[in-house]
2 protein chains.
Amino acid sequence: MMQLPSSLLENAVAEFAKLPGIGKKTALRLVLHLLKQEKGVTTLFGDTLQKMRNEIQFCQKCYNISDGTICSICANSGRQKDTICVVENIRDVIAIENTQQYHGTYHVLGGIISPLDGIGPEQLTIESLVERVHKDKVTELVFALNPTIQGDTTIYYIQKKLASLNCRITTIARGIAFGGELEYADEMTLGKSISNRQPIGQYIK
Amino acid sequence: MMQLPSSLLENAVAEFAKLPGIGKKTALRLVLHLLKQEKGVTTLFGDTLQKMRNEIQFCQKCYNISDGTICSICANSGRQKDTICVVENIRDVIAIENTQQYHGTYHVLGGIISPLDGIGPEQLTIESLVERVHKDKVTELVFALNPTIQGDTTIYYIQKKLASLNCRITTIARGIAFGGELEYADEMTLGKSISNRQPIGQYIK
């Protein structure tokens with residue numbers, strides 16, 4: 001493998017190459033880039049990442065990442081507190097927020113139930129979700145989980161826990177994506193998109 | 001643009017996105033990866049990069065990167081001190097070292113003469129190269145610069161400085177790369193590869 005003329009360089013390249021999707025060649029390019037800049041650039045880079053990792057908090061209500069004990073979404077009085085969108089991870093929150101189509105709050109499970117991976121309900125934030133539904137008089141739970149057996153198991157488990165409550169349970173719509181090719185869609189998706197067909201007015205205005 | 005739920009996260013993503021070839025989406029993926037790992041992983045990452053940037057040195061002879069005042073190539077008694085390969089930057093040294101075909105020493109110019117970019121001979125390490133040629137009784141200077149007008153200008157300038165000395169000046173061979181298609185080669189390269197044709201014994205053994 002590529003020989004480098006300095007162990008300091010070698011170590012820095014190895015650290016970058018630990019990151020997902022970054023190989024040794026890309027890592028070297030990034031390190032040589034930092035080497036060309038002022039020392040302050042690398043100091044700021046390292047300090048900012050360490051500060052982020054050490055100081056970032058998770059919202060005590062929804063487990064989204066947050067600068068404080070309660071995240072900006074839960075703290076926002078304009079968001080509907082009686083609607084909770086249940087997602088697997090933080091990235092899903094960011095993706096849904098970027099659509100600007102959702103005005104309720106979130107609940108980040110931290111994963112989905114997957115016995116094969118040793119993930120049971122107790123590893124997830126399900127208990128506190130159930131508490132929130134009780135306390136905040138939640139009227140709708142929107143599940144936005146990936147459509148896998150594990151996702152369905154998770155929905156089923158939570159649904160059973162909430163059976164006694166008067167809370168509507170929905171999931172995001174499945175269907176053919178915009179720009180997607182009908183003929184390449186899998187049968188499940190195509191089937192769902194037909195059975196859940198919508199009045200045309202919603203799409204063509 | 002993508003809204004993030006935390007300014008700490010936002011700052012960390014912005015830092016990664018400053019690196020060449022890393023966009024905001026990739027930056028977010030890298031930061032969320034660090035967030036999933038133990039805090040120690042990020043601490044080590046930041047510390048290693050900062051240590052590299054602050055402690056790395058440049059060889060006082062050849063300006064290659066080095067852990068000490070003299071790099072491992074210049075310090076190696078097995079390398080021919082009377083042959084110097086002149087390159088633009090450190091990456092070129094790494095590339096040539098990896099071929100294991102060169103047994104002399106290097107001289108890193110730190111760039112090439114390019115008046116349009118405001119880079120003149122005094123911004124480069126040319127003066128100390130001339131000194132080395134005098135002091136170390138160098139018999140051959142191998143130029144491994146990119147074949148551009150700037151590269152040629154740089155060679156011409158250095159050559160003139162050394163005109164009084166009995167030092168052979170060569171450049172790396174230009175020609176059709178292994179695996180390259182003859183018909184797609186530019187005229188300059190193809191022309192050079194014909195005029196500098198080699199006895200067949202060197203390639204087919």
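**Chain interface and helix H3 in the predicted model**

In this predicted model, 49 residues of chain B are in contact with 49 residues of chain A, contact being defined as C-beta atoms, placed from the backbone, that lie within 7 Å. The largest share of the side of chain B that touches chain A comes from H3(B), with 15 residues, and the residues of that side divide into 24 nonpolar, 15 polar and 10 charged, where Ala, Val, Leu, Ile, Met, Phe, Trp, Tyr, Cys and Pro count as nonpolar, Asp, Glu, Lys and Arg as charged, and the others, Gly among them, as polar. Residues are numbered from 1 along each chain as its sequence is written, and chains are lettered from A in the order in which they are written. Local features need pLDDT of at least 70 and side-chain atom pairs count only at pLDDT 80 or more, whereas totals for chains, interfaces and linings use all residues.

In chain A, the buried residues of helix H3 (helices being DSSP runs of H or I, at least four residues, numbered from the N terminus) are A:Thr42, A:Phe45, A:Gly46, A:Leu49, A:Gln50, A:Met52 and A:Arg53, a residue being buried if 20 or more other C-beta atoms lie within 10 Å of its own and exposed if 12 or fewer do. What covers these buried residues includes helix H2 (24–36) of chain A, together with helix H1 (7–17), helix H2 (24–36) and helix H3 (39–55) of chain B. The face of H3(A) turned away from its buried side carries the exposed residues A:Gly40, A:Asn54 and A:Glu55.

Note on methods. Helix = DSSP H or I, 4+ residues; strand = E, 2+ residues; numbered from the N terminus. Contact = placed C-beta atoms within 7 Å.
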